[in-house]
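Please open the model in a viewer and keep the sequence panel at hand. The tour below proceeds by selection, from the whole chain to individual residues.

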Amino acid sequence: MAYCFSIEHCHLHIGNIKMLSTAFYERIIGAIGEENLRGLTASQESDLMKRYKKLLNKKGGDLDEISYDDIFEVWVKVT
């Protein structure tokens, strides 16, 4: 299963399961960049989405609590 990193999509999906909101996806794009996301392997994409979902849960689902530094720290762990 691969994640879809495309700015045209309003949600990140695995199959038909919504993984992250549009707002969070846009933050990830802002912090990491779409080109960098496109360069990930399927394994890295899977790991990244799991870690971002875990981060979101850790912050109680409140996007205002997630900084660009938080997003970047997850990125560094995966790449």
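A residue is called buried when its relative accessible area is under 20%, exposed when it is over 50%, and partly exposed in between, with a 1.4 Å probe and protein chains only. The model is a predicted one, in which local features need pLDDT of at least 70 and side-chain atom pairs count only at pLDDT 80 or more, while totals for chains, interfaces and linings use all residues. Residues are numbered from 1 along each chain as its sequence is written, and side-chain values use heavy atoms, with hydrogens and water left out.

**The whole chain**

Begin with the protein chain coloured by secondary structure. It holds four helices and two strands, in the order β-β-α-α-α-α from the N terminus. Here helices (H or I, at least four residues) and strands (E, at least two) are DSSP runs, numbered from the N terminus. Of the 79 residues, 38% count as buried. The exposed surface of the chain is about 4800 Å², of which carbon and sulfur atoms supply 50%; the areas come from the Shrake-Rupley method with a 1.4 Å probe, and for residues only the protein chains shown count as cover. Contact means heavy atoms within 4.5 Å. Among contacts between residues at least 6 apart in sequence, 54% join residues at least 24 apart.

**Helix α1 and the aromatic pair**

Next, select helix α1, residues 22-32. Its buried residues include Phe24, Tyr25, Arg27, Ile28, Ile29 and Ile32. Just after α1, Gly33 adopts a positive phi of about 95°.

Now display the rings of Phe24 and Tyr52. Rings of Phe, Tyr and Trp (its six-membered ring) pair if their centres lie within 6.5 Å; planes under 30 degrees apart count as stacked, over 60 as edge-to-face and the rest as tilted. The rule yields one aromatic pair. Phe24 and Tyr52 form this edge-to-face pair, at 5.8 Å centre to centre and 70° between the planes. Because Phe24 belongs to α1 and Tyr52 to helix α3 (residues 42-58), the pair ties together parts 28 residues apart in sequence. Phe24 is buried at a relative accessible area of 0%, and Tyr52 is buried at 0% relative accessibility.

**The crossing of α1 and α4**

Keep α1 selected and add helix α4, residues 68-78. The two axes come within 9 Å and cross at roughly 75°; they are lines fitted to C-alpha atoms, for helices over the stretch in contact, and angles run from 0 to 180 degrees between N-to-C directions. Angles under 35 degrees count as roughly parallel, over 145 as roughly antiparallel, 65 to 115 as roughly perpendicular and the rest as oblique. The helices α1 and α4 are therefore roughly perpendicular to each other. On the α1 side, the contact is made by Phe24, Arg27, Ile28, Gly30, Ala31 and Ile32, and on the α4 side by Tyr68, Ile71, Phe72 and Trp75.

**The loop residue Leu63**

Move to Leu63, in the loop between α3 and α4. Is this residue buried or exposed? Leu63 counts as buried, at 16% relative accessibility. Beyond its neighbours within four places in sequence, Leu63 contacts Ser21, Ala23, Phe24, Arg27 and Leu56. The C-alpha atoms of Leu63 and Arg27 are 9.0 Å apart, although the two are 36 residues apart in sequence.

**Two exposed positions**

Finally, select Lys77 in α4, which is exposed at 57% relative accessibility. Its C-alpha atom is 9.2 Å from that of Arg51, 26 residues away along the chain. Then select Ser43 in α3, exposed with a relative accessible area of 57%. Ser43 and Val78 are 9.4 Å apart, C-alpha to C-alpha, and 35 residues apart in sequence.
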